[in-house]
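Hi,

Here is the structure I said I'd pass on. Have a look at it first, and then read my notes below.

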Amino acid sequence: MFGEPIDRDLINRRINLIAGVVLCVFLMLLGSFWYMQIIKGPYYEQLAGENLYKEDPIPAPRGLIVDRNKKILAENRLSHNLFITPRLSRNLTSTIEFLSTVLATPQQDLYRIIKKEGPLHSSSPIMLYQDMTLPQLAYISARKIEYPEIDIHHEQKRSYLYGPLFSHVIGYVGELTEDQERAKDFPEAKRRDIVGQSGLERQYNRPLMGRAGMERKVVNSYGAVLKEFPPIRDEPVPGKVLRLGIDYNMQKATEDIFKEGNRYGAVVAMDIKTGDILVLYNKPLFDPNDFIPKIAPAKWKELISDPQHPLQNRVIQNKFSPGSTFKLVMALAALQEKKITPETTFGCGGAQFIYNRTFRCWKPGGHGSVSLYRAIMQSCDVYFYNVGMRLDIDVIAKYARLLGLGSLTNIDLPNEVKGLVPDREWKRRTTNDKWYPGETISVAIGQGPILATTLQMASLYATIATDGNIIQPHVVSSVLDMSGKTLEKSRSRKEKVEGIDRENFELVKKALWGVVNDHGTGGRARVDGYDVCGKTGTVQVVGYDRGKGLSEKQKEKYGDHAWFISFAPVTDPQVAVAVFVEHGGHGSDAAAPVAKKIFETYFADRKIPPFSQPKLKVVAKTPAPAPVEETLIE
């Protein structure tokens, strides 16, 4: 009746087993739920969002760049760009065949662009082609309904209205490169953003970029936009406007006179009172429009293999011996150290035997007995050889640095380089050798290892013109909003040179006036009715004896460099101009006429009236100057 007894232990084991299995299954489900919701949640959320929404970036218009008179130098133009989202394609092969035909681009090139950005089924829009022509735009727009993976964006692209003329001031833009992205050169930019690659475009990239906007649309599973859901727009914020101190007319006048001479070189003009750069000109130039939207490989190769280095900003990146323009530093040092007085005279017979070597003057027949005034006015080398023998190289270096040489000017342009002011410590550190007295003699006339940029020389003469006030130069004078309202004005650092008496500055300024207006070597920079001051310089590229035998063709490669550094007027100076002509020959012939043209443009545009009589007359206490025809060749 009661059968076999129940095995309760067996039943309990089975119940526990079943409960364990159920618990394991529950834990597995819980783990899967946690993994899907917590770990992979953002991923699936993104996928769902991509299926539901389509986001199109709206680039911000890049800020304009205008000259001091608000003449537009860099603006934006409309560009029609083609995008593709491969994941939305029903037949990518067919789409690529179609686009290849319309765009006249090989299929493999289009595939290469897609693969570079991601897998062939990427769900992100990829820019496939920039700057479509209007016929290409019309044809593709008409067939777009057949290809939902294709999108057309209308963007604003950079345009440089005067081509090469301002290339080394403004620079150019381009897409953020992978190297720049890794190096975080532009932390505010992301992939495919347009950033400044050189010049002001790079220096002021942040205010010029503005802030990009976004348009979010609701789409169906095929990627088609659902019209019943209006798009949500986040409007872009345009970039700021840069107003430069650059004067278009002065820059154009500089180009015109350089073209006449068919020469290479660098020119800079600076407002002495504000630090505004009025002219910044290089030759050779390059056209920044060649970089928009992308520079062709052949064009890039041509630019970087050009032996004249057109991409190099000669005003701030090329260093040369200053030649005789450095004699002003020697004069100030010797006067301040009381090694000479204005009446100190030395005899020049065309050469002098010093430290077992003959040092020549540029004038073979010599200048006779010369004072400081005539030595500067006629650029007598022998006079400054004697000054060099009275000064130690470390003392010369001290005054050169006091006046700003050997340091950056800190202009608001990228990649400025320092010059070089040699002294004993520099020689020991770089060559493990001692300094020799003969080297001081070379430095005394601006030759040897001393080096300066064209901008540094302009800054030096601006400092002399203002009796020892160093002002930091800047290209951008103010930042404006798109309505023209000033948001920020540039303020330059000013520094007073300590340790040089004002009367010594006055002495050399009078001599600089004489260089241009009193039968000196800079007579070709003279502008009637205006007190232009300046100094010529000629820098030997090869030795004196070898240089005499150069043919006309060889002079293009080995001829002397020409300098002319100047300011005006002598009382209440307003503008400093530095001209450097590579292999131009004598400073008086090649460089001084360039400065004259720039001064004439400056005075005419500002309607500064000429005076009937010079404001400064200098009566030399030493023998009368030589005739003009004998003094215009240094």
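To start with something you can check in the viewer: which residue in strand 8 does Pro57 stand opposite? That would be Met214. Before going further, keep in mind that this is a predicted model.

**The small sheet**

Pro57 and Met214 face each other across a pairing of strand 1 with strand 8 (residues 213-218), where six bridges join the two and the strands run antiparallel. They belong to an open sheet of three strands, in the order 1-8-9, with antiparallel pairing. Strand 1 (53-58) and strand 9 (232-234) sit at the edges, so each pairs on one side only. From one strand to the next, the twist averages 15°.

**Cores**

The largest nonpolar core has 139 residues, and Leu244, Ile376, Tyr383 and Phe384 have the most contacts inside it. There is also a second, separate core of 18 residues, with Leu82, Ile84, Phe98 and Ile152 among them. If you'd like one residue to click on, try Tyr383: leaving aside neighbours within four places in sequence, Tyr383 is in contact with Ile340, Thr341, Thr344 and Phe346, and also with Val370, Ser371, Leu372 and Ala375.

**Asn76**

I spent some time on Asn76, which is found in strand 3 (residues 72-84). Is Asn76 buried or exposed? Asn76 counts as buried, because its relative accessibility is 18% and the cut-off for buried is under 20%. Not counting residues up to four places away in sequence, Asn76 touches Pro61, Arg62 and Leu64, plus Gln156, Lys157, Arg158 and Ser159. Two of these partners come with polar distances. A polar atom of the Asn76 side chain lies 2.7 Å from the backbone oxygen of Arg62, and the Asn76 side chain makes a polar contact with the side chain of Arg158 at 3.1 Å. For a long-range pair, Asn76 and Ser492 are 416 residues apart in sequence and 30 Å apart in space, C-alpha to C-alpha.

**Backbone oddities**

Two cis peptide bonds are worth a look if you plan to check omega values. One joins Lys283 and Pro284, with omega about 10°; Pro284 is in the loop between strand 12 (277-283) and helix 11 (297-305). Another runs from Ala568 to Pro569, with omega near -15°, and Pro569 is found in the loop between strand 22 (561-568) and strand 23 (575-581).

Then there are positive phi angles in residues other than glycine. Ala104 has phi near 55° and is placed in the loop between helix 3 (92-103) and helix 4 (107-117). Ala104 counts as exposed because its relative accessibility is 69%, and exposed means over 50%. Asn356 has a positive phi of about 65° and is found in the loop between strand 14 (351-354) and strand 15 (357-360). At 70% relative accessibility, Asn356 counts as exposed too.

**Cysteines**

How many disulfides does the count come to? Zero, with a disulfide taken as a pair of cysteine sulfur atoms within 2.5 Å. As for where cysteines sit, Cys24 is partly exposed at 45% relative accessibility, whereas Cys533 is buried, with a relative accessible area of 0%.

Over to you!

Terms used:
Residues numbered from 1 in each chain as written. Predicted model: local features only at pLDDT ≥ 70, side-chain atom pairs only at ≥ 80, totals over all residues. Heavy atoms only, no water. Core = buried A, V, L, I, M, F, W, Y, C linked by side-chain atoms within 4.5 Å. Buried < 20%, exposed > 50% of the residue type's maximum accessible area, 1.4 Å probe, protein only. Contact = heavy atoms within 4.5 Å. Helix = DSSP H or I, 4+ residues; strand = E, 2+ residues; numbered from the N terminus. Polar contact = N/O pair within 3.5 Å; in protein donor to acceptor, adjacent residues only side chain to side chain. Axes fitted to C-alpha atoms, helices over the stretch in contact; angles between N-to-C directions.
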